[in-house]
Amino acid sequence: MSTISVRLPDSLHRMAKTIAADDHISINQFIASAVAEKISALTTESYLQERAKQGSVEKFQAALAAVPNAEPEEFDR
């Protein structure tokens, strides 16, 4: 595990401490979780952009054309 020093504005530090305390976790756990969430969001975005480049409008339209044109079941309305 690595140790880093991060400078935060006092207001942000206070808010992070309050939220961490409300969740019964340490501020270190809170910040690690926040960083993990941001990394996840950014890597997911990159992944989806790469997958989108492989897409084909023609294949999508062909797949959509194969879907029957039917009313949804009552529980799906």
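# Pockets, surface patch and salt bridges of a predicted model

The lining of the largest pocket comprises seven nonpolar, five polar and no charged residues. In this classification, Ala, Val, Leu, Ile, Met, Phe, Trp, Tyr, Cys and Pro are nonpolar, Asp, Glu, Lys and Arg are charged, and the others, Gly among them, are polar. The structure is a predicted model, in which local features need pLDDT of at least 70 and side-chain atom pairs count only at pLDDT 80 or more, whereas totals for chains, interfaces and linings use all residues. Residues are numbered from 1 along each chain as its sequence is written, and side-chain values use heavy atoms, with hydrogens and water left out.

## Pockets

The largest pocket has a volume of about 410 Å³. A pocket here is an open set of points on a 1 Å grid over the protein atoms alone, where a 1.4 Å probe fits, with protein on both sides within 12 Å along at least five of seven lines; its lining residues have an atom within 4 Å of a point. Volume is the space filled by probe spheres set on the points, which are joined across faces, edges and corners. Around the largest pocket, the lining consists of M1, S2, T3, I4, S5 and V6, together with I27, N28, Q29, I31, A32 and V35.

The second largest pocket has a volume of about 160 Å³. Its lining is made up of L8, L12, M15, A16, I19, F30, I31, A34 and V35. By class, these are nine nonpolar residues, with no polar and no charged ones. Helices α1 (10-22) and α2 (27-53) each contribute at least two residues to this lining; helices are DSSP runs (H or I, at least four residues), numbered from the N terminus. I31 and V35 appear in the lining of the largest pocket and also in that of the second largest pocket.

## Nonpolar patch and the segment before α1

A nonpolar patch on the surface is formed by I4, V6, L8, L12, I31, V35 and I39, with about 620 Å² of accessible area together. Such a patch joins nonpolar side chains (Val, Leu, Ile, Met, Phe, Trp, Tyr) within 5 Å, taken from residues with over 30% relative accessible area and no salt bridge. Accessible areas follow the Shrake-Rupley method with a 1.4 Å probe, and for residues only the protein chains shown count as cover. Helix α2 supplies the largest share of the patch, namely three residues.

Two patch members, I4 and V6, merit separate description. I4 is placed in the segment before α1, and its relative accessibility of 67% is the reason that I4 counts as exposed (buried means under 20% relative accessible area, exposed over 50%, partly exposed in between). V6 is likewise found in the segment before α1 and is exposed, because its relative accessible area is 53%.

C-alpha separations place both residues relative to later parts of the chain. I4 and S26 are 22 residues apart along the chain, and their C-alpha atoms are separated by 16 Å. For V6 and Q29, 23 residues apart along the chain, the C-alpha separation is 14 Å. Q29 also belongs to the lining of the largest pocket, as do I4 and V6.

## Salt bridges

The whole structure contains three salt bridges, each requiring a side-chain nitrogen of Lys or Arg within 4 Å of a carboxyl oxygen of Asp or Glu. Side chains of opposite charge can pair when their charged atoms come close.

| Pair | N to O distance |
|---|---|
| K53 and E50 | 3.1 Å |
| E74 and R77 | 3.4 Å |
| E71 and R77 | 3.9 Å |

K53 and E50 both belong to helix α2, where they are three residues apart, about one turn of the helix. K53 is exposed, with 64% relative accessible area, while E50 is partly exposed at 45%. E71, E74 and R77 are linked in a network of salt bridges. Within this network, E71 and R77 are exposed, and E74 is exposed as well.

## Further positions in the helices and their loop

H24 occupies the loop between α1 and α2. Its phi is near 60°, a positive value in a residue other than glycine. With 73% relative accessibility, H24 counts as exposed.

T44 lies in helix α2 and counts as partly exposed at 39% relative accessibility. The C-alpha atoms of T44 and A16 are separated by 25 Å, the two residues being 28 residues apart along the chain. A16 is one of the residues lining the second largest pocket.

Conventions:
Patch = residues over 30% accessible without salt bridge, like charges linked within 9 Å, V, L, I, M, F, W, Y side chains within 5 Å. Buried < 20%, exposed > 50% of the residue type's maximum accessible area, 1.4 Å probe, protein only.
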